[in-house]
Amino acid sequence: MTTFQHVPVLLSRVVDLLAPALAKPGAVLVDCTLGLGGHSVAVLSACPQARLIGLDRDQAALQIAKSRLAPFGERVTTIQANYSELTTVLQNEKTNKVSAVLFDLGVSSLQLDEPDRGFAYRHEGPLDMRMDQSSGESAAEVLNNYSATELTRVLRVYGEERFAAKIAAAIVNRRAQLPFTTSTELVELLYSVIPAAVRRTGGHPAKRTFQALRMEVNEELMGVKEGIPQALTAVEVGGRVVVESYHSLEDRMVKRAFANATQSGAPTDLPVVPDAWQPRFRLLTKGGEKADSAEVQRNPRAASVRLRAVERVAA
Ligand SMILES: C[S@@+](CC[C@H](N)C(=O)[O-])C[C@H]1O[C@@H](n2cnc3c(N)ncnc32)[C@H](O)[C@@H]1O
């Protein structure tokens with residue numbers, strides 16, 4: 001059997017940020033991105049009074065997390081769900097308020113390392129890239145059906161790919177002869193479009209395109225936009241929300257949502273701010289926290305992380 005590894009990013013910092021909210025009987029942590037359960041195992045070990053509701057839209061990840069979390073017995077509930085439906089998930093669980101919510105955004109090593117899932121540009125595999133393989137369009141469908149304009153937008157916005165228009169035109173051209181089915185076909189096309197001089201300095205030529213397709217296929221920014229406000233609504237006073245982002249657009253959304261939540265809604269000229277207008281949250285982090293160089297060396301995934309956290313201070 002293949003064993004998959006996923007090294008959790010900023011693990012001890014995440015535990016330290018969540019633990020104060022979970023040090024009481026009946027405390028509930030929602031891990032919205034359970035993945036292989038690395039963060040959750042550490043939090044449950046450090047917080048013996050806490051219970052976990054763990055979500056992931058990826059059935060394969062959930063199965064692995066479930067067996068890793070088995071030693072915690074009834075303290076753990078795992079659910080296949082999109083965190084953009086957090087409120088509904090909590091209603092179904094008859095859980096009104098929770099003590100802490102964690103988001104560790106993006107993909108796990110399980111998804112990246114498994115060729116059959118199509119996330120990896122270094123392995124031949126079907127161009128799928130869906131985290132939830134039971135619904136939505138695959139990466140091949142995006143490549144074969146989107147217009148050149150739509151493809152350019154996806155590659156430029158999500159991948160920050162400077163050759164977006166050129167790549168999109170080449171995709172449209174090639175699929176007219178033969179539709180895309182495998183990751184290797186797309187990688188070969190990218191090698192032919194991206195100039196050799198750029199390939200030598202700009203990292204793997206497929207990295208940005210694969211990232212962009214993955215974000216489009218899984219509507220990742222939409223999930224963040226919808227999920228974070230629901231998490232802020234779900235936490236009780238004293239409760240905490242911790243988010244790790246790996247893409248500048250995601251981090252910007254988190255920063256904006258936290259800034260709104262930590263600002264007073266009162267007009268600036270009021271001499272005394274009434275309670276109803278006091279901010280509901282306080283920031284626990286100063287800017288987006290990064291991993292130190294030792295962690296990045298051990299775990300390259302940590303290089304792009306930005307961690308932000310807030311605590312609810314008023315109902
Ligand atoms: C970076 S991994 C989490 C790793 C985890 N913290 C650990 O320590 O093992 C992100 C996980 O979130 C899941 N995910 C991404 N977007 C999601 C969404 N909108 N709803 C639910 N799960 C999502 C992915 O399937 C993936 O397993």
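These questions and answers look at the ligand and the cysteines of a predicted model.

Reader: How many residues surround the ligand, and which are the closest?
Author: The shell holds 24 residues. The closest are His-39, Asp-56, Asn-82, Asp-104 and Gln-111.

Reader: How do the residues of the shell divide into nonpolar, polar and charged?
Author: The shell around the ligand has members of each class. The count is 9 nonpolar, 10 polar and 5 charged.

Reader: Which residue has a side chain N or O atom 2.8 Å from a nitrogen atom of the ligand?
Author: A polar contact needs N or O atoms within 3.5 Å. The pair at 2.8 Å meets that cut-off. The side chain belongs to Asn-82.

Reader: Where does the backbone come to an oxygen atom of the ligand?
Author: Two residues offer a backbone N or O atom here. For Gly-37, the distance to a ligand oxygen is 3.3 Å. At 3.0 Å from a ligand oxygen lies a backbone atom of Leu-36.

Reader: How much of the accessible area of the ligand does the protein cover?
Author: On its own, the ligand has 610 Å² of accessible area. The space it takes is the largest cavity. The protein covers 99%.

Reader: How many disulfides does the structure hold?
Author: A disulfide is a covalent bond between two cysteine sulfur atoms. The sulfur of Cys-32 has its closest cysteine sulfur in Cys-47, 17 Å away, so the two are too far apart for a bond. The number of disulfides is 0.

Reader: Is Cys-47 buried or exposed?
Author: Buried means under 20% relative accessible area. Cys-47 has 4%, so it falls under that cut-off. Cys-47 is buried.

Reader: What is the relative accessibility of Cys-32?
Author: Cys-32 also counts as buried. Its relative accessibility is 2%.

Key: Residues are numbered from 1 along each chain as its sequence is written. This is a predicted model: local features need pLDDT of at least 70, side-chain atom pairs count only at pLDDT 80 or more; totals for chains, interfaces and linings use all residues. Side-chain values use heavy atoms; hydrogens and water are left out. A residue is near a molecule or strand if one of its heavy atoms lies within 4 Å of it. A polar contact is a pair of N or O atoms within 3.5 Å; within protein, one must be able to donate a hydrogen and the other to accept it, and residues adjacent in sequence count only if both atoms are side-chain atoms. Accessible areas come from the Shrake-Rupley method with a 1.4 Å probe; for residues, only the protein chains shown count as cover. On a 1 Å grid over the protein atoms alone, a cavity is a set of points where a 1.4 Å probe fits but cannot get out, and a pocket is an open set with protein on both sides within 12 Å along at least five of seven lines; lining residues have an atom within 4 Å of a point. A molecule sits in a cavity or pocket if more than half of its atoms lie within 2 Å of its grid points. Ala, Val, Leu, Ile, Met, Phe, Trp, Tyr, Cys and Pro count as nonpolar, Asp, Glu, Lys and Arg as charged, and the others, Gly among them, as polar. A disulfide is a pair of cysteine sulfur atoms within 2.5 Å. Buried means under 20% relative accessible area, exposed over 50%, partly exposed in between (1.4 Å probe, protein chains only).
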